[in-house]
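I opened my notebook on this one with a few simple look-ups in mind. Here is what I wrote down along the way.

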Amino acid sequence: MHAIEVSGLRKAYGNLEAVRGVDFTIEEGEVFGLLGPNGAGKTTTVEILEGYRKRDAGDVRVLGHDPERAGPDFRERIGVVLQQSEMWPNLTVRETHAVFAGYYAAPRDVDEVIALVGLQQKAAARVKSLSGGQKRRLDLGIALVGDPDLVFLDEPTTGFDPQARRAAWEMIRSLRSLGKTVLLTTHYLDEAEQLADRVAVMREGQIVRVGTPAELTTTDLQTEIRYRQNGEEVLLQTDEPTRVLAGLTAAAVARGEELEGLQVRRPSLEEVYLALTADEEAEVAE
Amino acid sequence: MSAEAVRVTGRRAPRAMFLHQLRSEQLVFWRSREAAFFIFLFPLLLYVLLGSVYSGKIYGVPAAQGLLAGLIGYGCANTAFAGLAIQLVLRRESGILKRLRSTPLPPAMYIVALLVSTLVVFALQTLALFVVGSALHGTPFPSDVGSFIAAIVIGAAAFAPLGTATASLIRSAEGASAVVNFILLPMAFLSGSFGPTHKLGPFLHAVADVLPLKYFIDLVNAVYLHGHAVWTRPQDLAVLAGWGVGGLVVTHFKFRWEPRER
């Protein structure tokens, strides 16, 4: 069964069309990355799936429910990490987890969850004393305490230092090993590449590409062949690297030359992403 | 806890969840020193101060006793209206309300638990006022306890919807405390929370006559100072009910769970 099915999803705020016809499917147990620059419509899409926003058009099924009409039965099974949220500053980490655990029929053990998100040392500390990264881990902990089947992570590592990001990635990988379905939005490519089974790249309210990170890098951009000739850099971009390379090397061998600095490379996911979102990045920079 | 029995239905039993939420609200309230001080202790402090200033008689009873009714009124407006409004705005703008909406806790249960929690704080505060009054000035406890409890619950039930309504109308966390106190303090002063109002001019009296607090204080006065039953004051009850219903209507149409867009 599909964990999430979306087709023809649209949402406008006044004149601004935030989501303009989005389709995708997420399988159970899959980690799915929604990638795109700020303003691409990621958060709007996710908040429709979480049940926060009403859509203007399209079909949405999340765990078999229409999130727009879903009630507590649906919310028993989802865990949400919002892009921005704070918790009661004067409760401790353990108390905060216990408050949320009390909303679920069959919550996980509070201390187990605190250990899972790496806050054992801080279990008795007040929330206001936590660092930014620790507060994000608290958000993740309270999203997991209800033992959800589906976890929404909206930019879970924005603002983390590299070490904290690595730790968060480990946690998200552990969600996969628990069999959870994860919908992750991010604007970090390496995060999507590291964590996601499949990635959808969003731009201006539409999905411009879906696939595994490997598929995106092999099908999207042409392979580059570089070498130097007479001290000048030559760059060839081609969809048929084997044929082009064979011709190039055969000619060089026939001339008895060495192709100086010969390189054949596939584009990285980052280059694919930048190519896909190039126009919008320029707009955002203005 | 009967977690296994509940697992069959897939939902936590409503009564258990409600009690859990009420406990959580109490924990959040008392853990915050600012809330505990400004909402719970402040009316007590004012009573001690004013009780040492006034002497003689107010409303035909000893001043310390007359002041009690006024400060119970202030406590009610301060706890159920001002405190509730400020807390709700802060929770909304920090994203706590939005986060709670994605849990199985039903929204109506959240609101009811918050109101009951507020009532608990106000009831404890009223009890503390009587204890302080009795200890410092020998003021009596209410003679008709049933009517008195009814009056307290009616007051909280009228002011709490005004708190949720005001929270719905306030846009930002920064301004919440200023806006709420701008309403609360003049209202309390004009309605006689801090002493008799007979020296106020006709205009200020007219303002007080529109606001709900005067009627709540009159109701508490009638029950506490004069031993009347609560139903002998239909006009007070009607005005309080009107304000309460007005607050509910505004809350129904304007209440938001999500912070302002940033």
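The entries below go from chain B to the shared core and contacts, and then to chain A.

**Entry: the model**

I note at the start that this is a predicted model. I keep that in mind for every entry here.

**Entry: chain B overall**

I began by listing the elements of chain B and found 11 helices and two strands. Read from the N terminus, their order is α-α-α-β-β-α-α-α-α-α-α-α-α, so I could place the two strands after the third helix in that order.

Next I looked up the dimensions. The C-alpha trace of chain B spans about 65 × 40 × 35 Å along its principal axes. Does the radius of gyration of chain B agree or disagree with that of a compact globule? It agrees, because a compact globule of 262 residues would have a radius of gyration near 18 Å and chain B has 19 Å.

I also checked burial and contact range. Of the 262 residues in chain B, 44% count as buried. Among contacts in chain B with a separation of 6 or more, 82% are between residues 24 or more positions apart.

**Entry: where chain B touches chain A**

How many residues of chain B are in contact with chain A? I got 23 residues of chain B, in contact with 23 residues of chain A. On the chain B side, α1 (3-9), α2 (14-31) and α5 (96-101) each supply at least two residues. The largest share is from α2(B), with six residues. By residue type, I sorted this side of chain B into nine nonpolar, eight polar and six charged.

**Entry: the nonpolar core**

A general reminder to myself: in soluble globular proteins, nonpolar side chains tend to be buried together. The largest nonpolar core here has 133 residues. Which residues have the most contacts inside it? They are Leu183(A), Leu184(A), Ala77(B) and Ala85(B), so my list has names from chain A and from chain B. Helix α4 (residues 63-93) of chain B gives the largest share of this core, 19 residues.

I followed up on Ala85(B). Setting aside neighbours within four places in sequence, Ala85(B) is in contact with Gly163(B), Thr166(B), Ala167(B), Ile170(B), Ala176(B) and Val180(B).

**Entry: domains of chain A**

Turning to chain A, I found an assignment of domain 1 (2-217) and domain 2 (222-265). The C-alpha centres of these two domains of chain A are 45 Å apart.

**Entry: strand β3 of chain A**

Is strand β3 (residues 31-35) of chain A enclosed or open? It is largely enclosed by the rest of the structure, because five of its five residues are buried. I checked the two faces too: Val31(A), Gly33(A) and Leu35(A) point one way, Phe32(A) and Leu34(A) point the other way, and all are buried.

Then I looked for the pairing partners. Strand β7 (residues 181-186) of chain A pairs with β3(A) in the parallel sense over five bridges, and Val31(A) has Val182(A) as its bridge partner there. Strand β8 (residues 198-203) of chain A also runs parallel to β3(A), joined by four bridges. In β8(A), Arg198(A) is the bridge partner of Phe32(A).

**Entry: Ser7(A)**

I found Ser7(A) in strand β1 (residues 2-13) of chain A. Ser7(A) counts as partly exposed because it has 13 C-beta neighbours inside 10 Å. Beyond four places in sequence, its contacts are Asp23(A), Gly58(A) and Asp59(A). I looked at one of these pairs again: Ser7(A) and Gly58(A) are 51 residues apart in sequence, yet 5.6 Å apart in space, C-alpha to C-alpha.

**Entry: the loop between β4 and α2 of chain A**

His65(A) is in the loop between β4 (57-62) and α2 (72-75) of chain A. With 17 other C-beta atoms within 10 Å, His65(A) is partly exposed. Leaving out neighbours within four places in sequence, His65(A) is in contact with Ala70(A) and Phe74(A).

Leu63(A) is found in this loop as well. Is Leu63(A) buried or exposed? Leu63(A) is buried, because 21 other C-beta atoms lie within 10 Å. Its phi is positive, about 55°, although Leu63(A) is not a glycine.

**Entry: Asp147(A)**

My last look-up was Asp147(A), in the loop between α5 (132-144) and β6 (150-154) of chain A. Asp147(A) has a positive phi of about 55° although it is not a glycine. With 18 C-beta neighbours inside 10 Å, Asp147(A) counts as partly exposed.

Technical notes: Residues are numbered from 1 along each chain as its sequence is written. Chains are lettered from A and ligands numbered from 1 in the order in which they are written. This is a predicted model: local features need pLDDT of at least 70, side-chain atom pairs count only at pLDDT 80 or more; totals for chains, interfaces and linings use all residues. Two residues are in contact if their C-beta atoms, placed from the backbone, lie within 7 Å. Ala, Val, Leu, Ile, Met, Phe, Trp, Tyr, Cys and Pro count as nonpolar, Asp, Glu, Lys and Arg as charged, and the others, Gly among them, as polar. Domain bounds come from an automatic or database domain assignment. A nonpolar core is a set of buried Ala, Val, Leu, Ile, Met, Phe, Trp, Tyr and Cys residues joined through C-beta atoms within 7 Å. A residue is buried if 20 or more other C-beta atoms lie within 10 Å of its own, exposed if 12 or fewer, and partly exposed in between; C-beta atoms are placed from the backbone. The radius of gyration is taken over C-alpha atoms; the globule rule is 2.2 Å times the number of residues to the power 0.38. Two strands pair if DSSP finds at least two bridges between them.
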